[in-house]
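Open the model in your viewer and keep the sequence panel in sight. Each stop below gives a selection and what to look for there.

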Amino acid sequence: MTRKRILITGASAGLGAAMARDFASKGRDLALCARRLDALTELRAELTAAHPGITVAVRGLDVDEHTAVPRVFGELRDELGGLDRVIVNAGLGKGAIIGTGRAAANIATATTNLVSALAQTEAALEIFRAQNSGHLVLISSMSAVRGLPGKKAAYSASKAGLAALGQGLATELARSPIRVTTLLPGFIATEMSAKAGDARMVAPLDKGVASLVGAIEKETVRACVPAWPWRLIDLVLPHLPGSIVARIA
């Protein structure tokens, strides 16, 4: 099945903007939202100039304003005449060692990555249940595979919660016309992700996004992307001694 009408949150930069470019090249209509409406407007001009046959709708949206999420999703659905896929991509990478007086950074990360992702999921599934079809994609992280120490603790926990949400929904909806995919990206060369990891393991943006989009199009339930080396890390990381994890995290 070709999912023609795709909504992407956090689409003004990074993985969100790169996925929008990839899907636009495939002729898909797009609904893009993010806090920076000016960046979305520029992206829409770029995409429609390069691919004149597509429709690109944009809205400013701060996903932490939870009551605004269903309204904006509904507006974008109406503008495109329906939504076939929603990619919950908006995320935050702040973090500090817990208990060092920087609770605000950790709370903001947990709020955006889990609570606000849940608000987006609620809005998407309300639309999908009403139309009895759709594909929900949750962008988690390889940090969800194992609780990480130090300044990554809150981020890791938030992404693990999101992955658990996706797993539960995939099980619940397995026999329905609604599909659910949870993706766990490794280090991909965006402003946020590249700063977090070993430069030797950072995939170029084009390769990373091609892996993301490929997994999304297959509608697999769960995937680590890019496959190498992250599938192997997915198997090994949960079983490593804590002393090793503390050194490499």
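Start with strand 2, residues 29–34. Six of its six residues are buried, so strand 2 is largely enclosed by the rest of the structure. Buried means under 20% relative accessible area, exposed means over 50%, and partly exposed lies in between, with a 1.4 Å probe and protein chains only. Strands here are DSSP runs of E with at least two residues, helices are runs of H or I with at least four, and both are numbered from the N terminus.

This is a predicted model, in which local features need pLDDT of at least 70, side-chain atom pairs count only at pLDDT 80 or more, and totals for chains, interfaces and linings use all residues. Residues are numbered from 1 along each chain as its sequence is written, and side-chain values use heavy atoms, with hydrogens and water left out.

**Both faces of strand 2**

Colour Asp29, Ala31 and Cys33 in one shade; they are buried on one side. Give Leu30, Leu32 and Ala34 another; they are buried on the other side. Cys33 has a relative accessible area of 1%.

Now add the neighbours. Strand 1 (5–9) joins strand 2 through five bridges, and the two run parallel. Look for Ile8 opposite Leu32. The chain gets from strand 1 to strand 2 through helix 1 (residues 14–25), in a right-handed β-α-β crossover. Right-handed means that, with the strands pointing away from the viewer, the path from the first strand over the helix to the second runs clockwise.

On the strand 3 side there are also five bridges, again parallel. Leu32 faces Val58 there, and Leu30 stands opposite Val56. The link from strand 2 to strand 3 passes through helix 2, and this β-α-β crossover is right-handed.

**Helix 1**

Select residues 14–25. How many of the twelve residues of helix 1 are buried? Nine are, so call this helix mostly covered. Among them are Leu15, Met19 and Phe23. The buried residues pack against strand 1, strand 2, helix 2, strand 4 and helix 7 (205–218). Contact means heavy atoms within 4.5 Å.

Check the length too. At 1.5 Å a residue, the twelve residues should span 16 Å, and the end C-alpha atoms are 17 Å apart, which agrees. The expected span is 1.5 Å times one less than the number of residues. Just after the helix comes Gly27, with a positive phi near 85°.

**The whole sheet**

Show every strand. Seven strands form an open, parallel sheet in the order 3-2-1-4-5-6-7. The edges are strand 3 (56–60) and strand 7 (222–225), each pairing on one side only. Neighbouring strands are turned by 15° against each other on average, direction ignored. Two strands pair if DSSP finds at least two bridges between them.

Next, lay two helices over the sheet. Helix 2 (residues 37–50) lies across strand 2 and strand 3, at about 175° to strand 3. Helix 3 (residues 68–80) lies across strand 1, strand 2, strand 3 and strand 4 (85–88), at about 165° to strand 3. Axes are lines fitted to C-alpha atoms, for helices over the stretch in contact, and angles run from 0 to 180 degrees between N-to-C directions.

**Strand 6 and helix 5**

Move to strand 6, residues 178–185; seven of its eight residues are buried. Six bridges join strand 5 (residues 134–139) to strand 6, in parallel. Gly134 stands opposite Ile178. Helix 5 (residues 153–172) carries the chain from strand 5 to strand 6, and the crossover is right-handed. On the strand 7 side, four bridges join the parallel pair, with Leu183 opposite Ala223.

Select helix 5 itself. Its 20 residues should span 28 Å, and its end C-alpha atoms are 29 Å apart, which agrees. Its buried residues include Tyr155, Lys159, Leu162 and Leu169.

Centre on Val180 in strand 6. Val180 is buried, at 5% relative accessibility. Its C-alpha is 5.1 Å from that of Ala170, ten residues away along the chain. Beyond four places in sequence, the contacts of Val180 include His135, Leu136, Gly166, Leu169 and Val221.

**Last stop: the cysteines**

Select Cys224, buried at 6% relative accessibility. How many disulfides are there? The count is zero, where a disulfide is a pair of cysteine sulfur atoms within 2.5 Å.
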